[in-house]
Amino acid sequence: MSVEGHTKDHAALADDFNQDEPRVNWHDETLWFIREKRDRAAFAIPDWEMLRETASQIKFHTLSNLSQYLEQFEANAQANGIIVHWAADAEEHNQIVHSILQKHGVTQMVKSKSMLTEECHLNDYLEQQGIEVIDSDLGERIVQLAKEPPSHIVLPCIHLKKEEIGDIFHQHLGTEAGMSDPQILTETARQHLRETFLTRKAALTGVNFAIAETGEFVVCTNEGNADMGAHLADIHIASMGIEKLIPRRSDLGVFLRLLTRSATGQPITTYSSHFKKPRPGHDVHVVLVDNGRSVQLGREDFRNSLKCIRCGACMNTCPVYRRSGGHSYQSAVAGPIGSILAPNLDMKKHADLPFASTLCGSCSNVCPVKIDIHNQLYKWRQVIVKEGYADPKKTLGMKAMNMVLSSPQTFKLSGKAGRWFMKTVPFLVSNKMNPWYKQREMPQPPKESFGEWYRRNRKSNE
Amino acid sequence: MNSREQILAAVSKNQPALTPMPEVPFFQLEATDLVEKFTQVAVSIGSGVFQVESYEEIQEILSNDFKIHHRIISHVPELAPFADTTPLEDRHRHQLENVDLAIVKGHFGVAENGASWVTEEVMGLRVVPFICQHLAIILPKDSIVPLMHDAYARIGSAEYGYGVFIAGPSKTADIEQSLVLGAHGPRTLTVFLMG
Amino acid sequence: MTVGLFIPCYVDQFYPNAAIATLELLEKAGVNVVYPVRQTCCGQPMANSGFEHLTKDCNELFVQNFAQFDYIVSPSGSCVLHVKDHLHSDTHEDQAQAIRGKVYELVEFLTDVVKVEKLTARFPHKVGLHQSCHGQRGLGLAQMSELVAPAFSKPEKLLSMVQDLELIPLSRKDECCGFGGTFCVAEEAVSVKMGKDRVADHLQHEAEFITGADMSCLMHMEGILRRQKSKVKVMHIAEILNAQEG
């Protein structure tokens, strides 16, 4: 099935990814290693499940009172001297950022990690306006140089091998050809980006949490890049989705305990920076972005997805993500959580994503805010089919299957054991074009079905 | 209707019926020796930890690695003349680029994650603990709290322009999950527990 | 106590031995078992593909077939989970709801309702247990590796009652095998890769048999094992719990 808007759907891109099996193994093992680190961090906290439950409830409470918390945040942030903007969609967000830069005559900006700006395609927009953006998170800088989108929300270049990164650095930053030592590559990026930090007048950061009660916001990094950018620049722009709000400062105690343990297995990020007031004489702008979030809030079955704190744990644990790579999702947020967020933004374009899962449920179990991700995937499938975005051939097949399965006569009389199945069940259709048969043998039909055995061996209750 | 009104209207229309704020349960740390736990976690995330009794002792330890030709700055008056304690001005913040060592006072530490809470007024300038090549934080030994919940209870409604939990040296594992210390910020972090 | 035996369609057609073993195990446990012969399917293949709205006829038939029993038992965690989560009836919703509360997967029925403490079974082989996701994470047949909670395993408890059976450890004890219903053909590449990796884990730990409470996962892994010309076999847990070797 090919989805309009993409040349290939998730299955086709995953098939491409699987052409290099050793690389799939490497990708799978790298991410599983992070899942194991997450497990060790979680198991070191006996109250882990209670912590998750508390976080989940705080987030639900926040969503149930979001309009008031947004106003409270705005008022407190303004009282702190922060300039607050509201963006209904991606385009307005990009325009706001651009207008701030224009006002100050800025043509170069340094940016730390913000998945929201990926969602809004801010870099492309600003480049078209003649503004240069340099991503300062190492992984993001690497994919920016490679002209690729990030493949993971926490680990943007997890799909690249160090040798490939070495080539990128050789090409763009002048490192020795063939140099792939992470220590040396990181040092090179440090020198290159230090120059950037020291010369940029504007810095954009994401927001991990915004506190309604105090009007401050919190940014978490390991590298220190958000702080280097924000503290050295004259203007700090912080872009946030409206769902990043939490009610009280003390709630950070719950969320900061969960975030990094879930993400990488660290007890906390190196820096958890609380921005409350601008430095005297400087501007801090917060852009509050809706871009479909208020719509998702109204979808009862899917509103819990807005609890997400972007830790990436569901990606690391997802057996499909690990074996298909982040780019196969064609969405700023990939993996299980991306697959329940993206259809809200564009159902037609992302109709393939809720099907890119076995519904194994591991994602829901690692989620620090207990989003029922796999149940939402199931529900999105129903919505997508009802809205008419399913492949018509699949619809016909399903209708045929229903006809046989809902009629005992057809089911029993459709022939000797196995014959009916071989004809009807899509994954068992007996011909060599069948994807089942490509790498798997077909089940061997037995002499008789259980039904036939039962009639011979036990009294029938018919 | 402008975007602000439009967003707020859509949110209030679509948000579910109000559910109460949950009671945050009382969480406890299993370990009882907070200094030991803090030290163990801080070391595991790449920090060095020393227990000291005086500023002289801190200078003695730091002088093993930092000599007269290094640029050492601090907002702690007791560390002069080992460190340059001249007040810093925001407009000169880019000139901190060649600082080898910055020494700041932290308010308290957190045992469960080895983090120190530092606010703007004890840094001098916000960029100080990030732009320096090496960072040292001085914490009162009896200031270690068990968990992040205790940390925020301690911060309470304190006023600050900027505050940060710092846990270890700046780091990245973006290249094939290989841990490298010294991403953009300090390459090392030394924590002195004083008292 | 009368139990309605629910045999998933593909088990009826391809794996009658798993169904026979289920029936015999229940009978040996002293349960009165009836197999309603007009049964077909629970509707899961359609529902998981996004066509839950087409499953109404399957649902009505399921209610007609099974409403009368004290319990409904099936050798498939996945089908049971589907019934538990999604069975509805336009005409007899009360009966549908009642069924959702009394449908059991075989293993949990043996450990939780019959409370089996011993089995007269012998299976002198090295066995790897595949934790099918819907049974494990959906029905809670065993503790999940993601959750910080005490360990338990209902299938392992039963397997430990089988004489001379050696349960092998696995590197990833509850990773999905990649079957996933129509996922297995819609996402063929990832499905097969997941299956190969799962099988490899069992092979590395020298399993002679791979067992589990869901025949669909085993069917998928069997297809991979046979393509690899492996001597390792899959076998439904009911057959092992009912085995009388030697």
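# A tour of chains A, B and C

Start in chain B and select B:W117 and B:F165: these two residues are bridge partners, with B:F165 placed in strand 7 of chain B. The model on screen is a predicted one. Now widen the selection to the strands around this pair. Strand 5 of chain B covers residues 115–119, and four bridges join it to strand 7 of chain B, the two running antiparallel.

**Across the sheet**

Keep strand 7 of chain B selected and add strand 9 of chain A. Residues 162–166 of chain B and residues 271–275 of chain A pair here in the antiparallel sense, over five bridges. To see one of the partnerships, pick A:F275 and B:Y162, which are bridge partners. Strands of a sheet pair through backbone hydrogen bonds, either parallel or antiparallel.

Next, show the whole sheet to which these strands belong. The sheet is open and has seven strands, in the order 8(A)-5(A)-6(A)-9(A)-7(B)-5(B)-4(B), and its pairing is mixed. Which strands stand at the edges? They are strand 8 of chain A (245–246) and strand 4 of chain B (108–110); each has a single partner strand, so one side of each is left without a neighbour in the sheet.

**The contact of chain A with chain B**

Now select the residues of chain A and chain B that touch each other. Chain A brings 99 residues to this contact and chain B brings 75. About 7,000 Å² is buried between the two chains, and carbon and sulfur atoms give 59% of that area. Highlight A:R190, A:R249 and A:Y271: they supply 10% of the area that chain A buries against chain B, more than any other three residues.

How many salt bridges are there between chain A and chain B? The count is nine. For an example, select B:E112 and A:R261, which form a salt bridge with their closest N and O atoms 2.8 Å apart. Side chains of opposite charge can pair when their charged atoms come close. Across the interface of chain A and chain B there are also 54 residue pairs in polar contact, counting pairs with both residues at pLDDT 80 or more. Helix 10 of chain A, residues 182–199, is worth colouring here, as a source of eleven residues and the largest share of the side of chain A that touches chain B. By type, the residues on that side of chain A divide into 45 nonpolar, 28 polar and 26 charged.

**The contact of chain A with chain C**

Turn to the contact between chain A and chain C. In it, 87 residues of chain A meet 76 residues of chain C. The area buried between chain A and chain C is about 7,100 Å², with 61% given by carbon and sulfur atoms.

Ten salt bridges are counted between chain A and chain C. Select A:E441 and C:R227 to see a salt bridge between side chains, at 2.6 Å from N to O. The polar contacts between chain A and chain C come to 33 residue pairs, with both residues at pLDDT 80 or more. Which helix gives the most to the side of chain A that touches chain C? Helix 2 of chain A (residues 21–43) does, with eleven residues. That side of chain A is made up of 41 nonpolar, 23 polar and 23 charged residues.

**Inside chain A**

Stay with helix 2 of chain A and select A:D28, then add A:R322. The two form a salt bridge, and their closest N and O atoms are 2.8 Å apart. This pair links distant parts of the chain: A:D28 is in helix 2 and A:R322 in helix 15 (residues 319–322), 294 residues apart. Over all chains, the structure holds 49 salt bridges.

Show chain A whole: it has 23 helices and ten strands. Its radius of gyration is 25 Å, close to the 23 Å that the globule rule gives for 462 residues, so chain A is as compact as a globular protein of that length. The C-alpha trace of chain A spans about 90 × 55 × 45 Å along its principal axes.

**Chain C as a whole**

Select chain C, which has 13 helices and eight strands. The radius of gyration of chain C is 17 Å, close to the 18 Å of the globule rule for 246 residues, so chain C is as compact as a globular protein of that length. Along its principal axes, the C-alpha trace of chain C spans about 50 × 45 × 40 Å.

**Two loops of chain B**

Return to chain B and select B:A80 and B:P81. A cis peptide bond joins them, with omega about 5 degrees. B:P81 lies in the loop between strand 2 (72–74) and strand 3 (101–105) of chain B. Last, pick B:E176, in the loop between strand 8 (171–172) and strand 9 (180–181) of chain B. B:E176 is not a glycine, yet has a positive phi of about 50 degrees.

Note on methods: Residues numbered from 1 in each chain as written. Chains lettered and ligands numbered in written order. Predicted model: local features only at pLDDT ≥ 70, side-chain atom pairs only at ≥ 80, totals over all residues. Heavy atoms only, no water. Contact = heavy atoms within 4.5 Å. Buried area = accessible area lost by both parts, 1.4 Å probe. Salt bridge = Lys/Arg side-chain N within 4 Å of Asp/Glu carboxyl O. Polar contact = N/O pair within 3.5 Å; in protein donor to acceptor, adjacent residues only side chain to side chain. Nonpolar A, V, L, I, M, F, W, Y, C, P; charged D, E, K, R; others polar. Pairing = 2+ DSSP bridges. Rg over C-alpha atoms; globule rule 2.2 N^0.38 Å.
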